[in-house]
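Biologist: I would like to learn how to read a model like this one. Could you take me through it step by step?

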Amino acid sequence: MRLSALLALAAIALPYSAAEAAQDPYSYAEPDKVRVRHAELDLALDFPARTIAGTVTLDLDWRDARASTLNLDTRDLAIERVEALDAAGHAQALRYTLAVPDAELGSRLGIAAPGQPARVRIAYRTAPTASGLQWLDKQQTADKQAPFLFSQSQSIHARSWIPLQDTPAVRFSYAARVRAAQGIKVLMSALRQPAQDGVQVFRQPHPIPSYLMAIAAGALAEQATSPRTAVWAEPSQVAVAAREFSDIEAMMRTTEQLYGPYRWGRYDMLVLPPSFPFGGMENPEMTFLTPTVIAGDKSLVSVVAHELAHSWSGNLVTSATWRDIWLNEGFTTYVENRIVEAVYGKTQADEEFVVAAGELKHKMQSLSENQQRLAPAPREVGADDALTDVAYVKGAWFLRFLEARFGRVVFDAYLRDYFDHFAFQSITTEQMLDYLRANLVDRHPGKVDWDQVEQWVYAPGLPDSARLPAVPAFTAIDATRAGFLDGSLSAAALPGGDWNTHEWLYFLDHLPEAPTLAQVQALDAAWRLARSSNAEIGMRWLPRAIRAGDSAAWPAARAYMLRIGRMKLTLPVYRAFASTPAGLAYAETAYGAHQAEYHPLTRQAIEKVLRKAHAQPEATP
Ligand code: BES
Ligand code: ZN
């Protein structure tokens, strides 16, 4: 056995128990004692004050006869009143304490609940700085007609706008009544019901985890893309968005054929303002999307395939703790690629996966051993740390490995049964593995050794069994790139006019991090990369131009990072600027003038980059 394989296997002896892994360290909830089963929200949106105020009524399932406290998660919430409701709806005040806030978890709301009431109502108000909400003035929207509000609850920010058991281990259905000013359309992660006396009404009949609680409000228009799908956006954006996402019904049919019926009723998509901090968020029945995926040529719609795929992997079968997030993101990245293959062809699917695999290998180098594990040791991960390529791409790669070993027919049927078996449940990595062993590995002996499975899941790095599909176009690009870098091929002689977006991404990803100034200038003169309207190209090009010392690229980079709030795209530009004192000063000035326009999460992330650069000015990027 090779030494690397030996070392990898040695790392598999787990220093923690399955019970410890099943604990969610990012919530004060005690699901073994009591669980929220249903929530009724009655809320009013106050745009001038930037607050949501109202009540949430929680239906409780008491599971431990000795329990007498209901512990909820909150962050920066003002609690106005807590009461127990009896069957007739009579209210009785309950005593409660709001603990001193923990920087990461927020404040535990401990409610004294002797007698284990079946329903508890909390009257509360959010802070204008709520970490899970962004309030935009109308000047910050595309149409400048009305202010805008949106939530981003994953991972642990639902607690900043609703007091609840904010752990993915607990699932509940919900209903909501929301009051907003005339002309403000409200959308939630739920099915819309007819308005009642001007109050907008929603119903989520399925039990969902708290991180899927979502709300958005603004001047919004709807355009149907099929009888059960539609795009929502500001009126001036909606037609372009509906054209870009017109394959959504085909994507849904593909996924249903593979993995069983879509169980959520409608699938709508909401295009948010550019400050939305992620590419997409799989809020049930209402996926939230960054406008940066609208490239005009459908080249970035795999993000939509990804969020749709979560309707099976993630929303139906959910990771029970943040340490298990690869069950959501890895499975989803795998399904996403299957959707892309069925709708856009195998070449595009393979190209997308090979690009992602290249990014994973690159990023893996700067991750700790624990972060390189699909299922990391629970004590060493933050709730938001899981958004690395390991959960996504290594997770998907593991499923590709299983698919290759068992064959598509067997593996597709297995995955369909898995989604069915665990539907509307939250599970740990270990529960998934037990099911995998009993229903796939042991049923088809001789295909995969259990050791190999454990190596994929528990060992750092990538196993030797990781294979990539051959992509002939990429082999040709590797040769041209090499020719360009050794000077035998001029920038203008590159066959870039024939490359699709993914081929360009592959070309750019494997350029040096800091090309020479002459190389950057030549490429930009021939291909106008700094001006690309494709945000994924900008994310790869602009940092390289900055690192090469091309100050001509600075204004375009500044415009890019101020326009785009999606963290994955904007942070690499900040990091590149932060690698020299002059660049750092330039980025700080730009940020200082515009920080109020960013989402609270993006602001936090940018400030971390800038702080770090000051702490170690000589550090290489
Ligand atoms: N659920 C994630 C977004 C997320 C993960 C938010 C963890 C907060 C914490 C969503 O499904 C996602 O993965 N979005 C990706 C898109 C994708 C195609 C990789 C993104 O935002 O880049
Ligand atoms: Zn995802």
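Modeller: Gladly! Let's begin with an idea for metal sites: donors are N, O and S atoms within 2.8 Å of the metal. Keep in mind that this is a predicted model.

Biologist: Which residues coordinate the zinc ion (ligand 2)?

Modeller: The zinc ion is coordinated by H306 and H310, each through NE2, and by E329 through OE. The distances are 1.9 to 2.1 Å. Water is not among the atoms, so a site may look incomplete.

Biologist: What spacing do the donors follow along the chain?

Modeller: The pattern is H-x3-H-x18-E. H306 sits in helix α5 (residues 302-309) and E329 in helix α6 (residues 326-344), so to speak two distant parts of the chain, 23 residues apart, linked as a pair.

Biologist: Are H306 and E329 buried or exposed?

Modeller: Here a cut-off helps: buried means under 20% relative accessible area. Both H306 and E329 are buried.

Biologist: Now the other ligand. Which residues come nearest to ligand 1?

Modeller: For this, we look for residues with a heavy atom within 4 Å of the molecule. There are 16 residues around ligand 1, and Q154, G279, E282, E307 and Y392 come nearest.

Biologist: Which polar contacts should I look at?

Modeller: Look for pairs of N or O atoms within 3.5 Å. A backbone N or O atom of G279 is 2.5 Å from an oxygen atom of ligand 1. The side chain of E307 has an N or O atom 2.7 Å from a ligand 1 oxygen, and for the side chain of H306 the distance to an oxygen of ligand 1 is 3.0 Å.

Biologist: How much of ligand 1 does the protein cover?

Modeller: On its own, ligand 1 has 520 Å² of accessible area, and the protein covers 90% of that. β19 and α5 are the elements that give two or more residues to the shell, and α5 gives the most, with 3 residues. Sorted by class, the shell holds 5 nonpolar, 7 polar and 4 charged residues.

Biologist: Where does β19 stand in its sheet?

Modeller: To read a sheet, follow the order of its strands. Here 5 strands form an open sheet, β16-β17-β18-β20-β19, with mixed pairing. β16 (221-226) and β19 (280-281) are at the edges with a single partner strand each, so one side of each has no neighbour in the sheet.

Biologist: Which strand does β19 pair with?

Modeller: β19 is joined by 2 bridges to β20 (residues 286-289), and the two run antiparallel. In one of these pairings, M281 has F288 in β20 as its bridge partner.

Technical notes. Residues numbered from 1 in each chain as written. Chains lettered and ligands numbered in written order. Predicted model: local features only at pLDDT ≥ 70, side-chain atom pairs only at ≥ 80, totals over all residues. Heavy atoms only, no water. Pairing = 2+ DSSP bridges. Helix = DSSP H or I, 4+ residues; strand = E, 2+ residues; numbered from the N terminus. Donors = N, O, S within 2.8 Å, 3.2 Å for Na, K, Ca; no water. Buried < 20%, exposed > 50% of the residue type's maximum accessible area, 1.4 Å probe, protein only. Polar contact = N/O pair within 3.5 Å; in protein donor to acceptor, adjacent residues only side chain to side chain. Areas by Shrake-Rupley, 256 points an atom, 1.4 Å probe, with all protein chains shown as cover. Nonpolar A, V, L, I, M, F, W, Y, C, P; charged D, E, K, R; others polar.
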